[in-house]
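Here's a quick briefing to read alongside the coordinates. Have the viewer open and click along as you go.

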Amino acid sequence: MSRPSGPADSLRRTLTRRDAVVIGMGSMMGAGMFVVWAPAAESAGSLMLLSLVIVAVVAACNAYSSAMLAARYPAAGGTYVYGTERLGPLPGFLAGWCFIVGKSASCVAMALTLGAYVAPGHQRFVAVASVLALTAANLSGLQRSARISTAVVSVVLAVVIGLGCGVALASARGEPVFDLSAGLVSAVDTSAYGVLQAAGLLFFAFAGYARIATLGEEVHDPERTIGQAIGITFVLVLALYAGLGLVVIGVLGSDGTANSTAPIAAVAEVVWGNDWVWVVRVAAAAAAAGALLNMLLGISRTTVAMARDAHLPGPLSLTGGPHALPQRAEIAVAAIVLVLVLLVDLRGAIGFSSFGVLLYYAVANASAWTVRGQQRWQRIVPVVGLAGCLVLVGSLPWESVANGLVVVTLGIGWYGVTRRSRMAV
C-alpha cells in the first residue's frame with residue numbers, strides 16, 4: 001500500500017542526508033521556540049524545565065520508532081504507511097488523518113506567528129500572503145525548499161547562540177541578568193497535571209522530525225539516510241531547546257515567562273537592550289516561515305500516500321511539472337490552511353496541533369512495537385513512547401482534547417465512507 005504504481009505518481013529521490021537534516025531542523029526550529037515557553041510556564045510554573053525533560057524523553061522514543069520504521073518503509077507518508085503495514089488500514093488511516101489535521105493546525109500557528117511578528121494587528125493578512133508565497137516556493141522544486149530551510153536555520157541559530165553568548169558575557173561582567181535559582185521560584189500552584197500539560201504543549205515544538213520520514217520517497221539511500229537524519233536532527237535541536245529553556249527561565253523567571261507574550265524578545269531586551277529586539281522579531285519570522293514551508297511539504301506527502309490508497313481523492317496522488325512534484329496535493333493543502341488561518345486563533349492551534357501529532361506518534365510507537373527480532377531495550381522504547389504520547393494527549397487543555405476527539409470521530413466516519421466505496425469497486 002501507499003507505493004507508487006508508476007512514473008505518473010512517483011516522486012524523485014533528490015535529497016541528501018544534509019538536506020534531510022536541514023529540513024528537519026527547519027521544521028523543529030520554527031515558531032514553536034518563540035511561542036511555547038509562555039503557555040508552558042503558565043501551566044507548570046517553576047517546574048517547566050521538568051516538563052521539558054518529560055517531553056524530550058517522549059520525543060526521543062518517537063524519533064527512534066520513526067527512524068526504525070522509515071528504514072523499513074521508505075515511502076511517502078510516514079506513519080500513515082507504517083501503521084497501515086504493521087497494524088492495519090484503520091490505524092494507518094487514523095495516523096494519516098491526525099497528521100494532516102494536526103499539522104494543518106501547526107501551519108496556522110506558524111503563519112499567524114509570522115504575521116504577529118512582522119505586522120502586529122494585520123497578522124491574518126500576512127499569514128495568508130506567507131502561505132501563498134511558501135506554497136509557490138515548494139512548487140518550484142524541493143531543492144529550492146531545502147536551500148530556503150538552510151538559510152532559515154542559519155539565521156535562527158545565529159540569534160539563539162547570540163542570546164546565549166550575551167547572557168554569558170553579562171554574567172562574566174557581574175551583571176544580574178541570569179539567576180536560575182530565582183527563576184525556579186513561581187507563584188503558580190504546580191501540580192503533576194500542570195507539568196504534564198506543559199509537556200504536551202511543549203511537544204508542539206518537538207515534532208518536526210516527522211517531516212524527514214514523510215519525505216522518504218525523495219531521499220537518496222533512504223534505508224540509511226532517514227534514520228541518520230532523524231537522529232542527528234533530534235540531538236541537535238534537543239540541545240538547542242535545553243539551552244534556550246535555561247536561558248528563558250534564568251533571565252525572565254517562571255512568572256515573567258508565563259506573563260510574556262514574546263518570551264525570546266523579552267530575553268533579548270534584557271540581554272541586548274531594546275534597540276536590538278528587532279533582531280529576534282526577524283529570526284522569529286524566519287523560523288515561522290521555515291517551519292511553515294516544511295510543514296506544507298510534509299502534509300502534502302501524507303496526502304499523496306492516502307490518495308494512493310483511495311482514502312482521499314485519487315487525483316491528489318498525481319505528480320507533475322518538471323520536478324515531478326505532487327502539485328495538486330500541495331495546492332489542496334494550502335487551500336485548507338488558508339481557510340483555517342481566517343478562522344482559528346494561535347493558542348487553540350497549538351493545543352489542537354499537539355493533540356493530532358501526539359496521536360500520530362502513538363501509532364508510530366505501536367507500529368514499531370510489532371517489529372520482531374529486536375533486543376529487549378528496543379522493544380521497551382516504543383512502549384514508553386506510546387504510553388507517553390497517550391498521557392500527554394490526556395493532559396492537554398480540555399478544549400483541545402474535546403475538539404480533537406470530534407475531529408477523530410469525523411475521520412473514522414470518513415474512513416467508513418471510503419471503505420465502502422473501495423469495496424464497491
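Which residue follows H3, and what is the sign of its phi? It's Gly45, and its phi is positive, near 60°. Keep in mind that this is a predicted model. The chain has 18 helices and zero strands, so the notes below go mostly helix by helix.

**The chain overall**

- Out of 425 residues, 60% count as buried.
- Taking contacts with a separation of 6 or more, 84% are between residues 24 or more positions apart.
- The accessible surface adds up to about 16,000 Å², and carbon and sulfur atoms own 67% of that.

**Two short helices, H3 and H5**

- H3 covers residues 37-44 and is mostly covered, with seven of its eight residues buried.
- The buried set in H3 is Trp37, Ala38, Pro39, Ala40, Ala41, Ser43 and Ala44.
- H5, residues 79-86, is largely enclosed by the rest of the structure, because six of its eight residues are buried.
- In H5 the buried residues are Thr79, Tyr80, Val81, Tyr82, Gly83 and Thr84.
- H5 is followed by a glycine with a positive phi: Gly88, near 125°.

**H15 and its partner H6**

- H6 (residues 89-118) and H15 (residues 327-341) have axes that come within 9 Å and cross at roughly 60°.
- Why call this pair oblique? Angles under 35 degrees would count as roughly parallel and 65 to 115 as roughly perpendicular, and roughly 60° falls in neither range, so H6 and H15 are oblique to each other.
- The H6 and H15 crossing is right-handed.
- On the H6 side, the contact uses Ser104, Cys107, Val108, Ala111 and Leu112; on the H15 side it uses Val337, Leu340 and Val341.
- Sorted by class, the contact of H6 with H15 has seven nonpolar residues, one polar and no charged ones.
- For anyone picturing the spacing along a helix: an α-helix has 3.6 residues a turn, so residues three or four places apart point the same way.

**H15 and its partner H14**

- H14 (277-308) packs against H15 at an angle of about 120°, with the axes 9 Å apart.
- That angle makes H14 oblique to H15.
- The crossing of H14 and H15 is right-handed.
- H14 brings Leu296, Leu297, Ile299, Ser300, Arg301, Thr303 and Val304 to the contact, where they meet Ala329, Glu330, Val333 and Val337 of H15.
- By class, the contact of H14 with H15 splits into seven nonpolar, two polar and two charged residues.
- Val337 of H15 is worth a click: it is listed in the contact with H6 and in the contact with H14.

**The loop between H14 and H15**

- Ala310 is in the loop between H14 and H15.
- Ala310 has a positive phi of about 65° although it is not a glycine.
- For context, most residues other than glycine have a negative phi.
- Buried or exposed doesn't quite settle it for Ala310, which is partly exposed with a relative accessible area of 37%.

**Three buried residues to inspect**

- Ser367 is in H16 (residues 346-369) and is buried, with a relative accessible area of 0%.
- Beyond residues up to four places away in sequence, Ser367 touches Leu69, Tyr82, Gly83, Arg86 and Leu87. Tyr82 and Gly83 are also among the buried residues of H5.
- Val248 is in H12 (residues 222-258), and its relative accessible area is also 0%, so it counts as buried.
- Setting aside residues up to four places away, Val248 touches Trp37, Gly253, Thr257, Pro263, Ile264 and Val267. One of these, Trp37, is a buried residue of H3.
- Val248 and Val267 are 19 residues apart in sequence, and their C-alpha atoms are 6.5 Å apart in space.
- Val279 is in H14. Its relative accessible area is 18%, which is under 20% and therefore counts as buried.
- Apart from neighbours within four places in sequence, Val279 is in contact with Val159 and Trp272.
- Val279 and Val159 are 120 residues apart along the chain, with 7.5 Å between their C-alpha atoms.

Technical notes: Residues numbered from 1 in each chain as written. Predicted model: local features only at pLDDT ≥ 70, side-chain atom pairs only at ≥ 80, totals over all residues. Heavy atoms only, no water. Helix = DSSP H or I, 4+ residues; strand = E, 2+ residues; numbered from the N terminus. Buried < 20%, exposed > 50% of the residue type's maximum accessible area, 1.4 Å probe, protein only. Contact = heavy atoms within 4.5 Å. Areas by Shrake-Rupley, 256 points an atom, 1.4 Å probe, with all protein chains shown as cover. Axes fitted to C-alpha atoms, helices over the stretch in contact; angles between N-to-C directions. Parallel < 35°, antiparallel > 145°, perpendicular 65-115°, else oblique. Left-handed = near helix turned anticlockwise from the far one by under 90°. Nonpolar A, V, L, I, M, F, W, Y, C, P; charged D, E, K, R; others polar.
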